[in-house]
Amino acid sequence: MTAFDAHDRALAEQLFADLQAASVDTVGITRESYGPGETAAARIIADCARRHGLEVSYDAAANLTVTLPGRDAGLPFLACGSHLDSVPQGGNYDGAAGIIAGLMALIRFRRDGLTPARPVKLLALRGEESAWFGKAYTGSRALFGRLLPADLQAQNAFSGRTLGEAMAACGADIEQLAAGEPVVTANQMSGWLELHIEQGPILVAEELPVAIVTGIRGNIRHRNIACIGEAGHSGAVPRNLRHDALFATAELITRMDACWKEMLDRGEDLVLTAGVIGTLPEEHAISRIPGQVGFSFEARSQHQATLQRVHDRLQEECKAIAAQRGVRFEFDALLKSSPAELSRDWVDSLERIAADMKIPARTMASGAGHDAAVFANMGVPSAMIFVRNQNGSHNPHEAMDMEDFFAGASLLHAALAQAAQ
Ligand code: GLV
Ligand code: MN
Ligand code: MN
């Protein structure tokens, strides 16, 4: 069932260990988008690729490219890969699993003396995680010339550094990116195949090592909505005269939770999260009515129309609560990522290959976002393979069994071998 031998297994395990060691944080690992952990990860992958006789380069968006040349350099290239970065104090497999699986496939082709008809590339993309600059998929959007000047001005949530500055420090050509000049166009690619850990509990519950992904949820986000009320003495102001920003925000979130349930009951696909919330640390106190609260808001769905309905409802509920409680809500810019459908042809062929290789697999939609959504929406035939992972993701406790990894990597290797001919 696997193309990989004991030597490959030892190499993959060493790569995961090296990535972990290069980005270990107090809890979990941190590979900041366009930051030191991400750059260290790129170097580890690049060094290993060079040692195995593969071509290594960095593109104008500072993404790492590893190339196995084909017989005809003029044919559209086939690409695999995933992202190098992580959320703060995340796990070692989100993103990295797809890069190491892709590298193992290319190393194996090279060692087996396989020269495909078309070039096969591994793209180790930067800046996928929205945790740092607010919007996801930076490296893949940059690849297609889809970064807006406003995106380059976005500030890092922790350091305040702009995305443009951070990318320039990694060697990106900011002028080219700001001008919207693509690094590649969709017609220069024959396909994109991304392996990734499943970040939810389905494969664990169903005791399956891998899944083939049919679509990816899009999202709408606000990094910071401010609720402005009136600060006051917590003992002295009676309830009817208060304008408590925190109670108003809590009511909004409770109402959006009810809206979520209503939409699910109507059969819509939706998840909602307010992942960042707080009173102002420089002034908050047990004895002070909060005058201001800031919070993030994120909605994800397979359907654009659902995302629009949620956003409309958010605005309506804010208006109603503002009138009732004497507060106001101030919105920052709305950030959007479109949902994506993955290629039916790829899904069919991955199902066939998995069955031939006796790898038990199911199809499923992805709740989490992935660079594959950008490739698919740009018109590149795109697909994803999910690998079972314990303890969820975006936390330090991700745990992927190496047997499962090699089941997914073997499927990736076989699918690339077929599609590259
Ligand atoms: C990607 O990690 C996401 O937030 O879905
Ligand atoms: Mn992630
Ligand atoms: Mn990821």
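**Figure 1. Protein donors of the manganese ion (ligand 2) in the predicted model****.** The manganese ion (ligand 2) is coordinated by Asp94 through OD, Glu129 through OE and His394 through NE2, at distances of 2.0 to 2.2 Å. Along the chain, these donors are spaced as D-x34-E-x264-H. Glu129 and His394 link distant parts of the chain, being 265 residues apart. Glu129 belongs to the loop between strand E4 (120–125) and H4, whereas His394 belongs to the loop between strand E17 (382–387) and helix H14 (402–419). Glu129 has a relative accessible area of 5% and is therefore classed as buried, the limit being under 20%. His394, at 42% relative accessibility, counts as partly exposed.

**Figure 2. Protein donors of the manganese ion (ligand 3)****.** Three residues supply the donors of the manganese ion (ligand 3): His83 (NE2), Asp94 (OD) and His196 (NE2). The donors lie 2.0 to 2.2 Å from the ion and follow the spacing H-x10-D-x101-H along the chain. Asp94 is located in the loop between strand E3 (77–83) and helix H3 (96–111), and His196 in strand E5 (residues 189–197), so the pair ties together parts that are 102 residues apart in sequence. Both Asp94 and His196 are buried.

**Figure 3. Asp94 as the bridge between two manganese ions****.** Which residue bridges the manganese ion (ligand 3) and the manganese ion (ligand 2)? Asp94 coordinates both ions, and the two ions are 3.4 Å apart. In addition to Asp94, the protein donors are Glu129 and His394 for the manganese ion (ligand 2), and His83 and His196 for the manganese ion (ligand 3).

**Figure 4. Surroundings of Glu38 in helix H2****.** Glu38 is part of helix H2, which spans residues 36–51. The relative accessible area of Glu38 is 0%, so this residue is buried. Residues up to four places away in sequence aside, Glu38 touches Arg31, Glu32, Ser33, Leu84, Asp85, Arg126 and Gly127.

**Figure 5. The largest pocket and its lining****.** This pocket holds about 1,300 Å³ of space. Its lining consists of 47 residues, and those nearest its centre are Ser130, Ala131, Arg221, Glu298 and Arg300. At least two lining residues come from each of helix H4 (130–133), strand E7 (218–228), strand E9 (271–273), strand E12 (292–301) and strand E16 (361–366). E12 supplies the largest share, with 6 residues. By residue class, the lining of the largest pocket comprises 17 nonpolar, 20 polar and 10 charged residues. Domain 1 (6–217 + 339–419) and domain 2 (220–337) each contribute at least three residues to this lining.

**Figure 6. The second largest pocket and its lining****.** About 270 Å³ of space lies within the second largest pocket. Of the 14 residues that line this pocket, Arg141, Lys336, Ser337, Ser338 and Val374 are nearest its centre. Strand E14 (335–337) and helix H13 (372–377) each provide at least two residues of the lining. H13 gives the most, with 3 residues. The lining of the second largest pocket divides into 6 nonpolar, 3 polar and 5 charged residues.

Conventions
Residues are numbered from 1 along each chain as its sequence is written. Chains are lettered from A and ligands numbered from 1 in the order in which they are written. This is a predicted model: local features need pLDDT of at least 70, side-chain atom pairs count only at pLDDT 80 or more; totals for chains, interfaces and linings use all residues. Side-chain values use heavy atoms; hydrogens and water are left out. On a 1 Å grid over the protein atoms alone, a cavity is a set of points where a 1.4 Å probe fits but cannot get out, and a pocket is an open set with protein on both sides within 12 Å along at least five of seven lines; lining residues have an atom within 4 Å of a point. Grid points are joined across faces, edges and corners, and a volume is the space filled by probe spheres set on the points. Helices (H or I, at least four residues) and strands (E, at least two) are DSSP runs, numbered from the N terminus. Ala, Val, Leu, Ile, Met, Phe, Trp, Tyr, Cys and Pro count as nonpolar, Asp, Glu, Lys and Arg as charged, and the others, Gly among them, as polar. Domain bounds come from an automatic or database domain assignment. Donors are N, O and S atoms within 2.8 Å of the metal (3.2 Å for Na, K and Ca); water is not among the atoms, so sites may look incomplete. Buried means under 20% relative accessible area, exposed over 50%, partly exposed in between (1.4 Å probe, protein chains only). Contact means heavy atoms within 4.5 Å.
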